[in-house]
Amino acid sequence: MQRYIARRALQSLLALWVMSLIVFAMARLSGNALDMMLPMEATQEDYDRLSKYWGLDQPMHVQYGIFVSRALRGDFGMSWKWPGYSAMGLVMDRLPATLQLAGFALAISVVIALPIGVLSAVKKGTAWDTSGKIIALLGQSLPGFWLGIVLMWVFAVNLGWFPTSGRGGLQYMILPAITLGWFQVAALMRLVRSSMLDVLDSEFVKLTRVKGLAEWKVVWKHCLRNAAIAPLTFFAIIAGVLMTGSVVTETVFSWPGTGLLAIDAVRARDYQVVQAVVIVFATIFILTNLLVDILYAYLDPRIRYR
Amino acid sequence: MRGTRLPWFPSLRLVSLALAVVLAWGLATTPAPAAAQLPQKLVFASAGFEDSNRFWTVARPDHLQYDPFLETLLEVDPKTGEYTPRLAEKWSASPDYKEWTFHLRKGVQFHFGYGPFTAKDVVHSYSLTQRPEAKMTLGPFWRSVDEVKVINDHQIVFRMKRPATTLDYAVSRAGDLRIVSKAQWDKEGLEGFDKRPAGTGSYQYAGRKQGISITFERADKHWAGEKPAFKELEFRIVREEATRLALLLSGEAHIADMPRELQKDAIAKGMKLYFSSFPVDWITVYLGGQYHMPGDKAFRADVPWTNKKVRQAMNVAINRQELLKTVFAGKGSLTYVTGWSEKSEGFNPEWVKKFPAMYGYNPGKAKQLLKEAGYGPGGKPIKVKILAFTEPGESEGPQVAEALGIYYKEVGIDSEIEVLDWAKVRSMFRGKAMHCCIWPNIISWRPSEEWIRTAYFSKSPNHFYEHEYVDKTYELLSKTVNKAERQRIAQAIGDHLFEEFADIPLFWFRNEVVANPKVVGTWAYPGMAAGRSTHFHLVRPPAK
C-alpha cells in the first residue's frame with residue numbers, strides 16, 4: 001500500500017511539473033503583457049524599463065528557472081496588475097470565497113440530486129422519473145452563464161428575493177451556488193439513479209422486504225448505502241471540478257473568488273497571478289484525484305497490486 | 001417497483017405547479033426603478049479599470065478611481081472644458097514654454113490629519129511618476145521635466161527640457177499627476193499609502209477590495225466647500241454587462257456603464273442616460289501597412305491600400321450614417337480627421353465642408369476608384385482581414401467589423417473577420433506586422449500634439465500611418481510655442497491626413513452612463529477628464 005501511495009504521489013508531482021511548464025509557456029504565448037498594460041503613449045524606453053523591472057528581458061529558460069525556484073517556496077512573485085500585492089497572497093485572499101461557494105454548491109448538488117435520484121429509481125417509469133430525466137437533461141445542456149443570468153433576472157431583479165451579485169450573507173450564495181451546482185446535480189442524480197436501480201433488483205433487497213422492513217428503511221438505509229459507492233467516488237471528483245470550474249459563475253455574479261481573479265489576471269496578462277491561480281487549481285485537482293486513488297486502493301485491494 | 005409509495009415526498013403536480021407559479025411571477029414582474037428613498041451611498045457599477053492606490057501605475061482612463069479623493073493642480077471645467085484653478089490658484093508659462101510657475105492654494109488640508117498641502121507635496125507627487133514601475137499615460141511627458149523647483153511653500157516651478165505647451169493639460173484633472181501627501185509617505189511609506197492614501201478631495205478614501213470595489217466617504221470639510229450629496233460613494237467593478245444591468249434595475253447600483261445595445265433595455269425600465277459635456281472617444285478604422293517613410297523596409301507596395309485611391313475607396317464604401325444608426329444607436333458625430341475634435345488644436349473647419357465630397361458614402365465611386373487603382377472586376381482581386389476586439393465598456397468593435405465586411409462586399413472587396421484580443425492587435429501594429437489587416441479601434445481624446453506623437457510620429461512604438469511630411473511637421477510643432485503658428489502647423493498635419501485618406505475616421509462619442517433618475521437628478525461632467533466618468537461630487541439628487 002505504501003509503495004502504491006508513493007508511486008501515485010510521484011506521478012502527481014510529475015503532473016504538477018508538467019502543469020507548471022504548460023502554464024508558463026501558455027501565459028507567454030498568449031501575448032506580451034506590456035502590450036496589455038502599457039498605455040498607447042508608452043515609448044520604447046517604457047517597454048525596455050518595465051521589461052527589465054519585471055524580468056521579461058531575461059531568456060525564457062532563466063525566467064522559467066526563477067519561476068520554479070520561487071514557486072517551490074510558495075512565492076509566485078508580485079502581481080503586475082495589482083502592484084504591491086503578491087500573486088499567491090491574492091490567490092489565498094480569494095480562495096476562501098471560492099471554497100465557500102464550491103462547498104455550498106456541492107451541498108446543494110447532493111441535497112437535490114440524492115432524493116431525486118432515489119425517487120427516479122424507486123418510481124421508475126413514472127412522472128417522477130421523467131421529471132428527473134428532464135432535470136438531468138436541462139442540467140447538462142444549459143450553459144452556466146445563461147442559467148446564471150436567467151436566475152439573476154427572475155429571482156434578483158424581478159422578484160427581489162436575492163441580491164444580484166457580490167458576496168455577503170447566505171442570501172448572496174443561493175443563486176451562484178445553484179448555477180455552479182446545477183450541472184453536477186444532473187450528473188450526480190443520474191449516477192444515483194442507475195446505482196439505485198442495480199441495487200433495488202438485488203436479492204438482499206427482496207430479502208429485507210420479505211422480512212417485513214418498512215419501505216423507507218429498505219430504500220434509504222439498505223439500498224442507498226449500497227448504491228452510494230459510485231456516487232461517492234464521483235463526489236470527490238466534482239469537489240475539484242466545482243472549485244476549478246467557478247470561473248464563469250464568479251464572473252456572472254461578481255463573486256470575489258479565484259475564478260474571477262483568474263479572469264482578470266488573464267485579461268491583463270498578469271503572468272504572475274495566472275501562474276499562481278493555475279498551479280493552485282492544479283494542485284487541488286491533483287490532490288483530489290490522489291485522494292480518490294488512495295481511497296480506491298483502500299477499498300479495493302486488487303488495485304494496489306496492479 | 002412501479003408505484004412504490006414514498007409518503008414524505010409532496011405530489012409532483014404540487015411541486016411543478018409551485019415552480020411554474022414562481023417562474024411565471026418572476027418573469028412577468030416588471031421591476032420598478034428602485035430607491036424611492038434617497039440612498040446614503042451612491043453606487044456606480046463600472047465595466048472595470050486597473051485598480052490600485054498607486055496612481056503612477058495605471059493609465060489615464062483608470063484615474064476614475066482617484067477622481068473623488070486625489071486632486072490635481074488644475075480643474076477641467078465640467079461645462080466649458082477649460083482649465084481652471086484647483087489646488088493651484090494661478091499659473092503662467094515663460095515665453096519659451098520651458099518654465100511653468102504655479103501659485104498653490106493656501107489652507108488646503110490633507111485627509112486623516114496629514115497636514116496642509118504645500119509645494120513639497122507637488123514635488124513628492126511628481127517624484128512618484130519617475131519610479132521604475134510607473135506606467136502612466138503621460139510618462140514620456142513627465143520624463144521631459146528637468147526639475148521641479150520649490151520657490152516657497154506655495155510657489156513651484158516646473159522646468160522642462162523642451163518647450164511644453166501642454167503642461168496645463170498634464171497637471172489638470174484631464175492629466176495624470178495626482179497630488180498626494182508627502183507627510184503620509186514620510187510617516188508610513190508605501191505600505192501606509194497602499195492602505196489608506198490621503199488626498200484633498202471632497203470625498204476621502206474609505207477602502208478597497210482589490211479587483212472588486214473601492215469606497216469613499218464624504219470629507220467633513222473641503223477647502224472649496226464642496227459638499228457631495230451622497231455620504232458615501234462606491235465604485236463596483238462588474239465585468240459582465242448583464243450583471244451591471246441587473247444591479248441597476250434591482251436598485252443595488254444607481255449609475256452604470258452600459259453597452260449601447262443594453263441601454264435601451266435600461267431606459268425601457270425607467271432609467272436615464274447621462275452624457276458627458278464633450279466628446280470623449282473616437283472610433284477609426286486604421287489601415288495596416290502604412291509605412292511610407294523613405295527607406296522603411298516594412299513598406300510593401302503590394303498592400304492594396306498603400307495606394308491612396310484604394311484608401312479613398314475604402315472610405316467612400318462605408319455608409320457612416322447607417323453605421324452610426326444601427327451600431328451606435330445614432331449617438332455620435334462625424335470625425336473628419338482622426339483625433340481632431342472641434343476643440344483640438346489645428347482643427348480645420350474646411351474638413352467639414354469637404355468631407356461629403358471626399359469621404360461621403362458612394363459605392364459607385366468606390367468601385368471606380370478601385371478600378372483606376374487596378375483592383376476589382378477586370379483587375380487584381382482585393383482582400384482584407386478585419387481585426388475585431390473588445391475592451392471593457394467598448395463592445396461595438398466586432399459589430400463595426402461585420403458592417404465593414406458587408407460594405408466592402410458591395411464594392412468588390414473580399415473580407416475576412418478575425419477576432420483577437422487587444423494585446424495581440426497591439427503587438428501586431430507595434431511590430432509593423434499589419435500589412436494584411438485593418439482594425440476598428442476606440443481611442444480617447446488627448447491634445448493634438450500628444451496624439452500625433454503617439455500615432456503618426458515614426459519614432460513612436462505605434463505604427464498607424466507614417467509619412468516623412470508628418471514626421472518633419474511634428475518635429476516643428478514640438479518646438480513651436482507661438483499659439484497661431486502652432487495652430488497652423490497642427491492643421492497642416494491634419495490636412496495631410498485628411499487629403500491622404502490616412503485611415504477611415506468614423507465617429508466621436510460622448511461618455512454615456514445609465515442612471516436611476518430617482519437617485520441622480522443632474523450630473524455635469526466633462527468626459528475629457530482622466531477617467532471619463534468623473535466629478536461625482538456634482539451628482540445631485542432630483543428636486544423633490
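How many aromatic pairs does a search of the whole structure find over all chains? In this predicted model, the search returns 51 such pairs over all chains. One of the pairs is formed by Tyr169(B) and Trp445(B), whose ring centres lie 5.9 Å apart with 80° between the planes. The arrangement is edge-to-face, because planes over 60 degrees apart are assigned to that class. Tyr169(B) belongs to helix H4 of chain B (residues 167–170), whereas Trp445(B) lies in the loop between strand S17 (437–444) and helix H14 (448–455) of chain B, so the contact of the two rings ties together parts that are 276 residues apart in sequence. Both Tyr169(B) and Trp445(B) are buried.

A further aromatic pair in chain B is made by Phe429(B) and Phe464(B), with 4.8 Å from centre to centre and 50° between the planes. This pair is classed as tilted, since its interplanar angle falls neither under 30 degrees nor over 60. Phe429(B) is part of helix H13 of chain B (residues 422–430) and Phe464(B) is part of the loop between H14 and strand S18 (465–466) of that chain, so the pair ties together parts that are 35 residues apart in sequence. Phe429(B) counts as buried because its relative accessibility is 0%, and Phe464(B) counts as buried because its value is 2%. Phe429(B) and Phe464(B) also belong to a cluster linked by ring pairs. The other members of the cluster are Trp282(B), Tyr286(B), Phe389(B), Trp422(B), Trp439(B), Trp451(B), Tyr456(B) and Trp508(B).

Charged groups are also placed over aromatic rings. Within chain A, Arg28(A) lies over the face of Phe24(A), at 3.8 Å from the ring centre. Between the chains, the charged end of Arg430(B) sits over the ring of Tyr47(A), 3.8 Å from the centre of that ring.

The loop between H13 and S17 of chain B contains Gly431(B). Gly431(B) counts as partly exposed because its relative accessibility is 48%. A separation of 44 Å is found between the C-alpha atoms of Gly431(B) and Lys90(B), which are 341 residues apart along the chain.

The structure holds 1 disulfide over all chains. This link joins Cys436(B) to Cys437(B), with 2.1 Å from S to S. The angle about the S-S bond is -70°, and the link is left-handed. The two cysteines fall into separate accessibility classes: Cys436(B) counts as partly exposed because its relative accessibility is 34%, while Cys437(B) counts as buried because its value is 0%.

Chain B contains an open sheet of 4 strands, ordered S4-S5-S7-S6, in which the pairing is antiparallel. Strand S4 (88–93) and strand S6 (145–152) form the edges, each pairing on one side only. On average, and with direction ignored, neighbouring strands of the sheet are turned by 15° against each other. S6(B) and strand S7 of chain B (residues 155–160) run antiparallel and are joined by 6 bridges. Among the residues of this pairing, Glu147(B) has Arg159(B) in S7(B) as its bridge partner. Helix H2 of chain B (residues 119–128) lies across strand S5 (99–104), S6 and S7 of the chain, and runs at about 165° to S6(B).

Antiparallel pairing is likewise found for strand S8 (residues 203–209) and strand S9 (residues 213–218) of chain B, which are joined by 6 bridges. S8(B) and S9(B) form a hairpin with 3 residues between them, and Gly211(B) in the turn has a positive phi of about 80°. Arg208(B) has Ile214(B) in S9(B) as its bridge partner. S9(B) is in turn joined by 5 bridges to strand S10 of chain B (residues 232–237), again in an antiparallel manner. In S10(B), Phe235(B) stands opposite Ile214(B).

In chain A, helix H13 (residues 258–268) has 8 of its 11 residues buried, so this helix is largely enclosed by the rest of the structure. The buried residues of H13(A) are Thr258(A), Gly259(A), Leu260(A), Leu261(A), Ala262(A), Asp264(A), Ala265(A) and Ala268(A). H13(A) is followed by Arg269(A), which has a positive phi near 55°.

Methods:
Residues numbered from 1 in each chain as written. Chains lettered and ligands numbered in written order. Predicted model: local features only at pLDDT ≥ 70, side-chain atom pairs only at ≥ 80, totals over all residues. Heavy atoms only, no water. Phe/Tyr/Trp six-rings, centres within 6.5 Å; stacked < 30°, edge-to-face > 60°. Helix = DSSP H or I, 4+ residues; strand = E, 2+ residues; numbered from the N terminus. Buried < 20%, exposed > 50% of the residue type's maximum accessible area, 1.4 Å probe, protein only. Lys NZ or Arg CZ within 6 Å of the ring centre and 35° of its normal. Pairing = 2+ DSSP bridges. Axes fitted to C-alpha atoms, helices over the stretch in contact; angles between N-to-C directions. Contact = heavy atoms within 4.5 Å. Disulfide = S-S within 2.5 Å.
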